[in-house]
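Thanks for coming, everyone. Let me put the structure up, and then I'll walk through it.

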Amino acid sequence: MKAPASRRSQDLWASMCSLTNTGFIPISDDEVRLFQGHSGAAPGQIAVDIGTGTGEWACEIGRLGLSVTGYDSDNDAIEWAREAHEGHGPSLNFAMHDFTAGAIPGSLRPRSIDIVSCRHSIHFMDIPRLVTDIRRWLRPEGVLHVATAVTEEGSGNRTVGLPEDQVRALAYGWREHHRYTIDLHQQITGIVLRGPDG
């Protein structure tokens, strides 16, 4: 039986505090509203959140009525997410998986997913491999939704994200694609890719 959060090791909580205080971008009500409007997220759909971290974004998607599984390669983050969000019921789950190295989880069957979300995480991935896999999992009307900062290559900017040419390249081969601004400072863009079969 798993120890309750209050008895977990000091090392775990120290590492999680470090993770959550470094580079975490708060989620606003506007971001959730924009995601729902642009992605078409609706109750009853099945979603996957890749690079879920401590699970806050997966939880927000779940509050829209979707069944969500959040995946992350960091076991401490997944343990934190499970404990922090355990009251949200069986439609919100978390699993450890490294999409850059591991075989695809058996639960991600072809044509079984409505929405895949990568919120500030796609830049950590082998993007061509990941997008190829996502195309297989998505239903014909499925959506890949990416939220990322847009960086300038060679500028010395320490913002983590994707350069503009990589953002544009994501759209290749999708039936529909569009972008929208997520934040007031116009530094973070939302990318909606619909129709994985082109």
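**A walk through the model**

Start with S112, which is buried, at a relative accessible area of 9%. Keep in mind that this is a predicted model. S112 sits in the loop between β3 and β4, the latter being residues 113–119. What is S112 in contact with, leaving aside its neighbours within four places in sequence? The contacts are I46, S107, W137 and R139. Hold on to W137. That name comes back.

Next, the strands. β2 covers residues 67–72, and β3 covers residues 92–96. The two run parallel, and five bridges join them. To place one of those residues, take T69: its bridge partner in β3 is N93. Now add helix α4, residues 75–84. Together β2, α4 and β3 make a β-α-β unit, and that unit is right-handed.

Now the aromatics. How many aromatic pairs does a search of the whole structure find? Three. Take Y71 with F99: the ring centres are 5.5 Å apart and the planes stand at 85°, so this pair is edge-to-face. The cut-off for that label is over 60 degrees. Y71 is in strand β2 and F99 is in the loop between β3 and β4, so the pair ties together parts 28 residues apart in sequence. Are these two buried or exposed? Both Y71 and F99 are buried.

F99 also pairs with W137. Here the ring centres are 5.8 Å apart and the planes are at 55°, so the pair is tilted. This pair again links distant parts of the chain: F99 is in the loop between β3 and β4, W137 is in helix α5, residues 127–137, and they are 38 residues apart. W137 is buried, as is F99. Put the rings together, and Y71, F99 and W137 form one aromatic cluster. And recall that W137 is also in contact with S112.

On to charge. Side chains of opposite charge can pair when their charged atoms come close. How many salt bridges does the structure hold? It holds 12. I'll show a few.

One is R33 with D30, where the closest N and O atoms are 3.3 Å apart. R33 and D30 are three residues apart in helix α2, residues 29–39, so about one helical turn separates them. D30 is partly exposed, with 43% relative accessible area.

Another is R136 with D133, at 2.4 Å from N to O. Both lie in helix α5, three residues apart, again about one turn of the helix. Look at the burial, though. R136 counts as partly exposed, at 44% relative accessibility. D133 counts as buried, at 6%.

Then there is R179 with E164, a salt bridge at 2.6 Å, N to O. This pair links distant parts of the chain: R179 is in strand β7, residues 176–181, E164 is in helix α6, residues 164–169, and they are 15 residues apart. R179 is partly exposed at 38%. E164 is partly exposed too, with a relative accessible area of 27%.

There is also a network: salt bridges link E141, R175, E176 and R194.

Last topic: nonpolar packing. How many residues does the largest nonpolar core have? It has 25. Those with the most contacts inside this core are I50, V116, L130, I134, W137, L144 and L170. So W137 is on that list, because it is among the residues with the most contacts in the core, and W137 is also part of the aromatic cluster.

Which elements supply at least two residues each to this core? They are β1 (46–50), β4, α5, β5 (138–151) and β8 (188–194). Helix α5 gives the most, with five residues.

Look at V116 up close. Leaving aside its neighbours within four places in sequence, V116 is in contact with V48, I50, I134, W137, L138, V143, L144 and H145.

There is a second, separate core as well. This one has 23 residues, including L34, F35, I61 and I182.

To close, follow W137 one more time. W137 is buried, pairs with F99, and is in contact with both S112 and V116. That's it from me.

Notes
Residues are numbered from 1 along each chain as its sequence is written. This is a predicted model: local features need pLDDT of at least 70, side-chain atom pairs count only at pLDDT 80 or more; totals for chains, interfaces and linings use all residues. Side-chain values use heavy atoms; hydrogens and water are left out. Two strands pair if DSSP finds at least two bridges between them. Helices (H or I, at least four residues) and strands (E, at least two) are DSSP runs, numbered from the N terminus. A crossover is right-handed if, with the strands pointing away from the viewer, the path from the first strand over the helix to the second runs clockwise. Buried means under 20% relative accessible area, exposed over 50%, partly exposed in between (1.4 Å probe, protein chains only). Contact means heavy atoms within 4.5 Å. Rings of Phe, Tyr and Trp (its six-membered ring) pair if their centres lie within 6.5 Å; planes under 30 degrees apart count as stacked, over 60 as edge-to-face and the rest as tilted. A salt bridge is a side-chain nitrogen of Lys or Arg within 4 Å of a carboxyl oxygen of Asp or Glu. A nonpolar core is a set of buried Ala, Val, Leu, Ile, Met, Phe, Trp, Tyr and Cys residues joined through side-chain atoms within 4.5 Å.
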